[in-house]
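Let's take a walk through a protein chain together. Have a look at the fold before you read on.

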Amino acid sequence: MSEVQKKKYSDKEKNNIFDNEFMPHIDSMYNFAFRLTFDEDDAKDLVQDTYLKAYRFINSFEQGTNAKAWLFRILKNSFINEYRKKSKQPSKVDYQEVETYYNSDSVDYNITSDLRVDTVKDMLGDEISNALNSLAVDFRTVIILCDLEGFTYEEMAKILDIPIGTVRSRLHRARNLLKEKLHSYAKDMGYNADED
């Protein structure tokens, strides 16, 4: 990979790029991070880390290019690095916290609800979300980038740092896996799921 041409931006230019080119994508960044982590706090941390790195390395960004793709690549790399670090650590459970929670008299199991679930319940069916979330991270990522975020194959190749052929192959396999997982759901919804 060739060395990125670095430009020296003034502080005013940096702030302008950050505010006008990076910040408009914060919702997309959070959605992508949440789909990767399945955890609200981890997604927020990942987005925050992404924006910190984006500002820190802003001189590597060429103003006027695709800021969204540049940010998605930083986020994806941060997620992979954190995932690798966590996968090497043993799982940790605070048994005192679990015991305190379950022994608490003030817990009302009937009124606890996930506001995130309530706000998006009509957007994607549970079956679709579950099928998407059950895919391996490589397949889930290409589906999110292409079908939910609308990136082109070329942009996805840059974000994921893989050849376009691999992007296409991975996307094809991911869609086929989703198709298999959603076959009975499609039949229940009245679609002719046996046609190709």
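We'll start with the whole chain, then visit one helix, the core and a few single residues.

First, some ground rules: this is a predicted model, where local features need pLDDT of at least 70 and side-chain atom pairs count only at pLDDT 80 or more, while totals for chains, interfaces and linings use all residues. Residues are numbered from 1 along each chain as its sequence is written, and side-chain values use heavy atoms, with hydrogens and water left out.

So what is the chain built from? It has eleven helices and zero strands. Both kinds of element are DSSP runs numbered from the N terminus: helices are H or I with at least four residues, strands are E with at least two. Of the 196 residues, 33% are buried. Here, buried means under 20% relative accessible area, exposed means over 50%, and partly exposed is in between (1.4 Å probe, protein chains only). The chain exposes about 13600 Å², and carbon and sulfur atoms supply 49% of that; these areas come from the Shrake-Rupley method with a 1.4 Å probe, and for residues only the protein chains shown count as cover.

Contacts tell you how the chain folds back on itself. A contact means heavy atoms within 4.5 Å. Among the contacts with a separation of 6 or more, 67% join residues 24 or more positions apart.

Now zoom in on helix α10, residues 164–181. At 1.5 Å a residue, its 18 residues should span 26 Å, and its end C-alpha atoms are indeed 26 Å apart. (The expected span is 1.5 Å times one less than the number of residues.) Which residues of α10 are buried? They are V167, R170, L171, A174 and L178. These cover an arc of only 100 degrees around the axis, which puts them on the same side of α10; the arc is that of the directions from the helix axis to the C-beta atoms. The general rule behind this kind of pattern is that an α-helix has 3.6 residues a turn, so residues three or four places apart point the same way. The buried residues of α10 pack against α7 (126–134), α8 (137–148) and α9 (153–160). On the face turned away from that buried side, you'll find the exposed residues H172 and E180.

Next stop, the core. In the largest nonpolar core, which has 45 residues, F22, L75 and L145 touch the most other members. Such a core is a set of buried Ala, Val, Leu, Ile, Met, Phe, Trp, Tyr and Cys residues joined through side-chain atoms within 4.5 Å. Helix α4 gives the most to this core, with eight residues. Leaving aside neighbours within four places in sequence, F22 is in contact with several residues, including Y51, F61 and W70.

W70 also has a distant partner in sequence: K158 is 88 residues away along the chain, yet 8.3 Å away in space, C-alpha to C-alpha. K158 sits in helix α9 and is exposed, with a relative accessible area of 60%.

Finally, two loops hold something less common. Most residues other than glycine have a negative phi. F38, in the loop between α2 and α3, has a positive phi near 60 degrees, and F38 is partly exposed at 37% relative accessible area. D161, in the loop between α9 and α10, has a positive phi of about 60 degrees and is partly exposed at 48%.

How values were computed. Expected span 1.5 Å × (residues − 1).
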